[in-house]
Amino acid sequence: MSAALDFHRATNVPAHGTDEDEGRFVGDRPSPFKDYGDAQRLPLESSAAARLLQDGAGIVRSQERRDYGGGTIHWRAYSSAGALYPVEAYVAAPDGLYAFDALGAALVRVRDGDSRSAVGKATGAEAETFVVITGIHARTGWKYLERGYRHVWWDAGTMLANLLALAAAQNLRPRLYNGFVDRELNDALGVDGVREFALAVLALDGSS
């Protein structure tokens, strides 16, 4: 607890201060999207979980920007600190593990086979489908440095608020789990737990 409090205090912005100092930016702005190349993709209509992610975390509009080095910014359905979008989402289903490709508006097959048992073992939960969200600190750390770790969790909360509300409205009986065995859940997703790490699990039923 003391270490967490020390981190919190060390990364606070002073009263009337700002963390918008562009002089701190290092290198190019990281892409807010993973590149899955020519991996197999499924349309978002393929499952209720996929449609849930599109509605709660998909792209809603795009525009050119002059700041952040220019380029196109893709605004998502959930709020993100600095529009850096450090959160990824995965779907653990009976026929495989999928990553949500927001830019391509599809699910990308990451692994074959029933991926639910490994997620369930790590969380102690059972469900027809799991949605697992992860964080990538490098995306927010580029702008916010150490404070960016806090923004990863802030973004996770805004995405989860959308997903929980939408899932409940669709009678998917959502249950949120943020206590799990980190190493086991990271291994189930194929992420290293350092550059990308599991944040939370959303269990869904009636999601076929």
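This section describes the fold of a predicted model, from its sheet to its helix contacts.

The protein chain contains six helices and nine strands. Of its 208 residues, 45% are buried. Contacts between residues at least 6 apart in sequence were also examined, and 68% of them join residues at least 24 apart.

Seven strands form an open sheet with antiparallel pairing. Their order is 1-6-5-4-7-9-8. Strand 1 (41–43) and strand 8 (175–177) stand at the edges. Each has a single partner strand, so one side of each is left without a neighbour in the sheet. From one strand to the next, the twist averages 30°.

Strand 4 (residues 87–93) sits between strand 5 and strand 7 in the sheet order. Strand 4 pairs with strand 5 (residues 96–101) in the antiparallel sense, over four bridges. These two strands form a hairpin, with two residues between them. On the other side, strand 4 pairs with strand 7, again in the antiparallel sense, over six bridges. V91 illustrates both pairings. It stands opposite Y98 in strand 5. V91 also stands opposite V131 in strand 7.

Strand 4 is mostly covered, with seven of its seven residues buried. V87, A89, V91 and A93 point one way from the strand. E88, Y90 and A92 point the other way. Residues on both sides are buried, the charged residue E88 among them.

Helix 6 (residues 182–189) lies across five strands of the sheet. These are strand 4, strand 5, strand 6 (106–112), strand 7 (129–135) and strand 9 (197–204). The helix runs at about 80° to strand 9.

Helix 6 also meets helix 3 (residues 116–123). The two axes come within 8 Å and cross at roughly 165°. Helix 3 is therefore roughly antiparallel to helix 6. The crossing is left-handed. Helix 3 contributes A118, V119, K121 and A122 to the contact. Helix 6 contributes E184, L185 and A188. By class, the contact residues divide into five nonpolar, no polar and two charged.

A122 gives a closer view of this region. The residue lies in helix 3. Its relative accessibility is 4%, so A122 counts as buried. Leaving aside neighbours within four places in sequence, A122 is in contact with F180, V181, E184 and L185. Of these, E184 and L185 belong to the helix 6 side of the contact. The C-alpha atoms of A122 and R183 are separated by 8.3 Å, although the two residues are 61 residues apart along the chain.

Helix 4 (residues 137–144) is another covered element. Six of its eight residues are buried, so helix 4 is largely enclosed by the rest of the structure. The buried residues are R139, T140, G141, W142, K143 and Y144. They pack against strand 4 and helix 5 (148–169). Just after helix 4, L145 takes a positive phi of about 55°.

Strand 4 thus recurs across these descriptions. Strand 4 pairs with strand 5 and with strand 7. Helix 6 lies across it, and the buried residues of helix 4 pack against it.

Definitions and conventions
Residues numbered from 1 in each chain as written. Predicted model: local features only at pLDDT ≥ 70, side-chain atom pairs only at ≥ 80, totals over all residues. Heavy atoms only, no water. Pairing = 2+ DSSP bridges. Axes fitted to C-alpha atoms, helices over the stretch in contact; angles between N-to-C directions. Contact = heavy atoms within 4.5 Å. Parallel < 35°, antiparallel > 145°, perpendicular 65-115°, else oblique. Left-handed = near helix turned anticlockwise from the far one by under 90°. Buried < 20%, exposed > 50% of the residue type's maximum accessible area, 1.4 Å probe, protein only.
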